[in-house]
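User: I am new to this structure and would like to know what stands behind the terms used for it. Please go through them one at a time.

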Amino acid sequence: MRIVLLGAPGAGKGTQAKKLIEKYGIPQISTGDILRKAVADGTPLGKEAKSYMDKGELVPDSVVIGLVKERLQQDDCKKGFILDGFPRNTSQAETLDKVLDEMGMPLDVALSVDVDMDILMKRLTGRRTCKQCGQMYNVYFSPPKQEGVCDKCGGELYQRDDDKEETIRKRLEVYEAQTAPLIDYYEKKGILKRVNGVGDIDEIFSNICSILDGLKK
Ligand code: AP5
Ligand code: MG
Ligand code: ZN
């Protein structure tokens, strides 16, 4: 199954992707995670990306597209993949289509996780992530059992640099202007599905699974 997850910052793309990995055994390709790792490792790419990420702007296509192409060529993507946070504008979407066509593995579905803008701010300011295993928590909606500590692996929880109110506002603006038009793009291609992203995380996941299982035949 080859999936693109669409949705605003904080819609729950990462949260749902983690569950999809477990259920379907396919890898998550999160450009945000790849970029944050490059920033943490202090690579030249990370240094370039950081200035954009801290402002809540998109990192240039030339950087991101290269990363994704390279990742898609790895063996584990033959079984399928979950793209999370990519594509994020029309030019990325067109390039992705071209690359996947060349590889003979077109997308099966673009799944939009829909959440109202007013809920997103609270989700993002409350988000905490495990340094070790990447599990997401939320101090308002799904706190860890012990503050600052991951339930799953005991790792330390951290707050993302771009989860500050100012930066979040900019990210939401960028989403509306550049990424939301992709909903139309995939609708026209006939592979768009939508799921309500508000409510219980497991219930949303079960709705997503019904959609995906409906495609497999
Ligand atoms: P990226 O890392 O992709 O961030 P984003 O798109 O802003 O999305 P988030 O990761 O913030 O949200 P999410 O939907 O994954 O939500 P989550 O599951 O964590 O990108 C970061 C930056 O990198 C960009 O700004 C850009 O600079 C750069 N970048 C990345 N990709 C790029 C690209 N392709 N091109 C150019 N630049 C790129 O959930 C959020 C919170 O809500 C969590 O606390 C979670 O626990 C909670 N939550 C989840 N579901 C629920 C629920 N149902 N109810 C209550 N709480 C919930
Ligand atoms: Mg994410
Ligand atoms: Zn952990």
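**Terms and the values behind them**

Analyst: Arg-128 has Tyr-137, in β6, as its bridge partner. The model discussed here is a predicted one.

User: What makes β5 and β6 a pair of strands?

Analyst: Two strands pair if at least two bridges are found between them. β5 and β6 have three bridges, in the antiparallel sense, so the pair meets the rule. The strands belong to an open sheet of three, in the order β6-β5-β7, with antiparallel pairing. In this sheet β6 and β7 are the edge strands, because each has a single partner strand and one side without a neighbour.

User: Which residues hold the zinc ion (ligand 3), and how do you know that they are donors?

Analyst: The protein donors are the SG atoms of Cys-130, Cys-133, Cys-150 and Cys-153, at 2.3 to 2.4 Å from the zinc ion (ligand 3). The cut-off for a donor N, O or S atom at this metal is 2.8 Å, so these sulfur atoms are within it. Along the sequence the spacing of the donor residues is C-x2-C-x16-C-x2-C. One pair among them links distant parts of the chain: Cys-130 is in strand β5 (residues 127-130) and Cys-153 in the loop between β6 (136-138) and β7 (157-158), 23 residues apart.

User: Why is the site of the zinc ion (ligand 3) called tetrahedral?

Analyst: Four donors count as tetrahedral if all angles lie between 85 and 135 degrees. The angles among the four donor atoms of the zinc ion (ligand 3) are 98 to 116°, so the site is tetrahedral by that rule. For reference, the ideal angle for four tetrahedral donors is 109.5 degrees.

User: Is Cys-130 buried or exposed, and what is Cys-153 called?

Analyst: Buried means under 20% relative accessible area, and exposed means over 50%. Cys-130 has 2%, so Cys-130 counts as buried. Cys-153 has 34%, which lies in between, so Cys-153 is partly exposed.

User: Why is the contact of Glu-156 and Lys-131 called a salt bridge?

Analyst: The limit between a side-chain nitrogen of Lys or Arg and a carboxyl oxygen of Asp or Glu is 4 Å. Glu-156 and Lys-131 are at 3.4 Å, N to O, so their contact qualifies. This salt bridge links distant parts of the chain, with Glu-156 in the loop between β6 and β7 and Lys-131 in the loop between β5 and β6, 25 residues apart. Glu-156, at 49% relative accessibility, is partly exposed, while Lys-131, at 54%, is exposed.

User: How many salt bridges are there by this rule?

Analyst: The count comes to 18 salt bridges. One of them joins Asp-162 and Arg-171, with closest N and O atoms 3.7 Å apart. Asp-162 is buried at 9% relative accessible area, and Arg-171 is buried at 11%. Another joins Glu-165 and Arg-169 at 2.7 Å.

User: How do you know that about one helical turn separates Glu-165 and Arg-169?

Analyst: Glu-165 and Arg-169 are four residues apart in helix α7 (residues 165-179), so about one helical turn lies between them. Salt bridges with shared partners also join Arg-127, Arg-160, Asp-162, Asp-163 and Arg-171 into one network.

User: What aromatic pairs are found, and why are they called edge-to-face?

Analyst: The whole structure has two aromatic pairs. Tyr-140 and Phe-141 have 6.4 Å between ring centres and 70° between planes. The limits are centres within 6.5 Å and, for edge-to-face, planes over 60 degrees apart, so this pair meets both. Tyr-185 and Tyr-186, at 5.0 Å and 85°, are edge-to-face as well. Tyr-185 is buried at 16% relative accessible area, and Tyr-186 is buried at 0%.

User: What makes Lys-122 count as lying over the face of Tyr-140?

Analyst: The distance limit to the ring centre is 6 Å, and the charge must also be within 35 degrees of the ring normal. Lys-122 is 4.9 Å from the ring centre of Tyr-140 and lies over its face. Lys-55 likewise lies over the face of Tyr-52, at 5.9 Å from the ring centre.

How values were computed:
Residues are numbered from 1 along each chain as its sequence is written. Chains are lettered from A and ligands numbered from 1 in the order in which they are written. This is a predicted model: local features need pLDDT of at least 70, side-chain atom pairs count only at pLDDT 80 or more; totals for chains, interfaces and linings use all residues. Side-chain values use heavy atoms; hydrogens and water are left out. Donors are N, O and S atoms within 2.8 Å of the metal (3.2 Å for Na, K and Ca); water is not among the atoms, so sites may look incomplete. Four donors count as tetrahedral if all angles lie between 85 and 135 degrees; four count as square planar and six as octahedral if opposite donors are over 155 degrees apart and all others between 65 and 115; anything else is irregular. Helices (H or I, at least four residues) and strands (E, at least two) are DSSP runs, numbered from the N terminus. Buried means under 20% relative accessible area, exposed over 50%, partly exposed in between (1.4 Å probe, protein chains only). Rings of Phe, Tyr and Trp (its six-membered ring) pair if their centres lie within 6.5 Å; planes under 30 degrees apart count as stacked, over 60 as edge-to-face and the rest as tilted.
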